[in-house]
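Dear colleague,

Could you take over the structure below and look through it alongside these notes? I have tried to keep each statement next to the terms that it depends on.

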Amino acid sequence: GSIDIGRKGIIVSQASSTGNAGDIDVSSTGHIAITNGGGVSTSTLSSGNAGSIKLSAANIEINGHDRITGIFSITGGDGNAGSVAVSAKKNLSIVNGGQISSDTPSLSNAGTVKVSAADIAISSGGGISSSTASSGNAGTVTVNANNITIDAFNQGGLPTGIFSESSVSDEGPSGHGGDIAVTADALTLTR
């Protein structure tokens, strides 16, 4: 069967106290579409840790339609963000601002991001990332595919691609960006 998460629909696990958020595991033998403000998300707003996310299908489409859309693990408290693992047997498309990410704007650490597919296409502000905007560290990003195409053309000005980054923080020293490991038979970068 197929799974369609759209129009601001969301699968969410959140820790808002000392306990940890639960893990999320979504799988389909067919197609998973996350579109138009839809999302799969784990988060923490306190000392508990966010859960991990695993999502797998034959084909996966993440199309933001210029709205916040995708697969996210984030920490807004003292707990760490969770890891994110996404696997498609055939095609993975991340377009129009769609995202797969684990982020921290706080003192805690972001999680690792692992993505694999036969063919990966990222365009128009789509991204695979782990980032920090504070003293916490970003996680490692690992991407494996036969073919990866990244088309950076984007009228909205959003960055397009694969990132592990540390942004400047107003609250003091920033944490470290993580490593990025990309393995592909063919990698095409266009603009």
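What follows describes the sheet, the core, two single residues and the largest pocket.

Please bear in mind that this is a predicted model, in which local features need pLDDT of at least 70 and side-chain atom pairs count only at pLDDT 80 or more, while totals for chains, interfaces and linings use all residues. Residues are numbered from 1 along each chain as its sequence is written, and side-chain values use heavy atoms, with hydrogens and water left out.

To begin with the sheet, 6 strands form an open sheet in the order β2-β5-β8-β10-β12-β14, with parallel pairing. Here strands are DSSP runs of E with at least two residues, numbered from the N terminus, and two strands pair if DSSP finds at least two bridges between them. The edges are taken by β2 (10-15) and β14 (161-166), each of which has a single partner strand, so one side of each is left without a neighbour in the sheet. Within the sheet, β5 (residues 39-44) and β8 (residues 69-75) run parallel and are joined by 6 bridges, and S43 stands opposite I74 in β8.

The largest nonpolar core (buried Ala, Val, Leu, Ile, Met, Phe, Trp, Tyr and Cys residues joined through side-chain atoms within 4.5 Å) has 30 residues, and I71 and I100 are those with the most contacts inside it. Several strands each supply at least two residues of this core, among them β9 (84-95), β11 (113-123) and β13 (141-151). Leaving aside neighbours within four places in sequence, I100 is in contact (heavy atoms within 4.5 Å) with residues that include I62, I71, V84 and I128.

Two single residues may help you to find your way. T104, in strand β10 (residues 98-104), is buried, with a relative accessible area of 2%, where buried means under 20% and exposed over 50%, with partly exposed in between (1.4 Å probe, protein chains only). R7, by contrast, lies in the loop between β1 (3-5) and β2 and is exposed, with a relative accessible area of 75%. Apart from residues up to four places away in sequence, R7 touches T35 and N36. R7 and G39 are 32 residues apart in sequence and 9.5 Å apart in space, C-alpha to C-alpha.

Finally, the largest pocket holds about 460 Å³ of space, a volume being the space filled by probe spheres set on grid points joined across faces, edges and corners. A pocket is an open set of points on a 1 Å grid over the protein atoms alone, where a 1.4 Å probe fits, with protein on both sides within 12 Å along at least five of seven lines, and lining residues have an atom within 4 Å of a point. Of the 24 lining residues, Q99, S101, D103, S129 and L158 are the closest to its centre.

With best wishes

Key: Helices (H or I, at least four residues) and strands (E, at least two) are DSSP runs, numbered from the N terminus.
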